[in-house]
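Open the model in your viewer and keep the selection tool at hand. This tour goes stop by stop.

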2 protein chains.
Amino acid sequence: MGGSLALALRASAARGGPAQRLIGVSRSQETLAAATAAGAVDATCTNLADGVAEADLVVLATPARAILRQLPLVGQAARPGAIVLDLGSTKAQICAALDALPPALQPIGGHPMCGKETAGFAAAEAGLFRAKTFVLCPLPRTTAQTLASAQELVQALGARPLTLTPQAHDRAVAAISHLPYAAAASLVAALDAVEGETSLAWQLAASGFRDTSRLAASDVDMMLDILMTNPHAIIDWLDRYTDQLGRLRQLLAAADEAGLRDHLTTIQARRARWHAAA
Amino acid sequence: MGGSLALALRASAARGGPAQRLIGVSRSQETLAAATAAGAVDATCTNLADGVAEADLVVLATPARAILRQLPLVGQAARPGAIVLDLGSTKAQICAALDALPPALQPIGGHPMCGKETAGFAAAEAGLFRAKTFVLCPLPRTTAQTLASAQELVQALGARPLTLTPQAHDRAVAAISHLPYAAAASLVAALDAVEGETSLAWQLAASGFRDTSRLAASDVDMMLDILMTNPHAIIDWLDRYTDQLGRLRQLLAAADEAGLRDHLTTIQARRARWHAAA
């Protein structure tokens, strides 16, 4: 994500974009060498404190819990007036940590809605953010000027800024991303339960199962980072989901064909409407 | 499905396949005209009894509950010795009805594992069955010769015959097809529950949600036919699924990262293994 950001900012800088000098910070010399070779950055640094010391804008593009660990160091090292933006997948815990930064810094939360399943600079692409929604979560202390700067940055990436509270963000991504992951993983787990039948079932498996279970293949470290920083919203949606499965079960057990038809037709129409709107 | 079967059998007949003369039966004159124009059938008929009277092999390619309604008519009209094969999506109820056919007939259940989401002859394709699993459910009364004839037919279509009991078939398709439908539909329903949040969530919707909910777009009539003829197996898998969601909820609520990591890593590996085997 950081590599794609650098490439996108570099491309926009040529068109007069906001970031004219880019410093790449990573623990990995390989990543920094690759970023330099690709012309993505002007300078590199393996030390976070040194890397952020001169920056007008610090962008943290690590997993959510790494961001939580890095923020106190950024607070000590960044120069007064610097904007601190993160790209973490969940926002409530991170925005609370952003709020604890020294008053001279300008924090704002961010989350570009463009999943990147492959890590490392080799997977970076300048067009990753294009036409994607980029959520910004200003804190009560975030100034209008900082929000405007962040929006300008988002637009320079070709993304569409959307301002949300951290809580609204976390509820929404729990619904459309974390709950589907939980649903897919539990589907695979349910079929796990009967090993003998599963290999048979898989012989028969249609594309429907493959699609519905695809998210179960997600990177576990990435998902743990998300699950451990957004448990309450996910649990709430899981409960709603379980209620809906129970409702379907009840209609099935009652052989209530008219009720099933109503229920499933409404669902089908809703999904078609969402699909058309997306 | 019937149109695709006729086209596939026609193509195999030119290579010496088993079905040299094909009679198309449909209530729809348009369907029959299209099948005739495509050279898929030698003769057509809108009346089921007349259509099956001369046949050595009767193939019923309607939805499951239409098959249940048609079987008594086929029992009266088919000539002694005729094989009766159906292509219904669920097998236990249909195999019970096949078993009630007159003793002079040779019944066997079938289910080609190749979903066709579009109906009508315009959507028919000769290659639909190629390399797909085609389940055959012989009854206790089915002779070895009838099973061999059905297997020959399946191979003429380019499909791979797999013999299962009706109960094993219904359990397996409930797991890999009907449960994923229930999971996808309930996912859409869960997001339904909060209309205001949903439009927001959908603005953010990633491809993960789209894949996981795709089956909720399935044709409701087709799915009702399946749900109403396979409720017990589906309810059993729904209960296992709900148990798994509950297990995930418990790990999340306990913030048990090690437990979550174990659980999700096992699931990820299992899906990867199935995916590689499929």
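The stops below cover the two copies, one helix and the cores.

This is a predicted model: local features need pLDDT of at least 70, side-chain atom pairs count only at pLDDT 80 or more, and totals for chains, interfaces and linings use all residues. Residues are numbered from 1 along each chain as its sequence is written, chains are lettered from A and ligands numbered from 1 in the order written, and side-chain values use heavy atoms, without hydrogens or water.

**The pair.** Colour by chain. A turn of 180 degrees and a shift of 0.0 Å along the axis lay chain A on chain B, with an RMSD of 0.0 Å (least squares on C-alpha atoms of residues with pLDDT of at least 70 in both). That is the relation of a two-fold axis. Now select A:Thr212. Its C-alpha is 2.1 Å from the rotation axis, the closest approach in chain A. 

**The helix.** Select residues 166–192 of chain A, helix α7 (helices are DSSP runs of H or I, at least four residues, numbered from the N terminus). Find A:Ala174: a kink of about 50 degrees is centred there (the angle between axes fitted to the seven residues ending at a residue and the seven starting there). 24 of the 27 residues of α7(A) are buried, so the rest of the structure largely encloses this helix (buried means under 20% relative accessible area, 1.4 Å probe, protein chains only).

**The core.** Which residues touch the most other members of the largest nonpolar core? Select A:Val84, plus Tyr241, Leu260 and Leu264 in both A and B. This core has 124 residues (buried Ala, Val, Leu, Ile, Met, Phe, Trp, Tyr and Cys joined through side-chain atoms within 4.5 Å). Apart from it lies another core of 27 residues, including B:Phe121 and B:Phe129.

Methods: Buried < 20%, exposed > 50% of the residue type's maximum accessible area, 1.4 Å probe, protein only. Helix = DSSP H or I, 4+ residues; strand = E, 2+ residues; numbered from the N terminus. Expected span 1.5 Å × (residues − 1).
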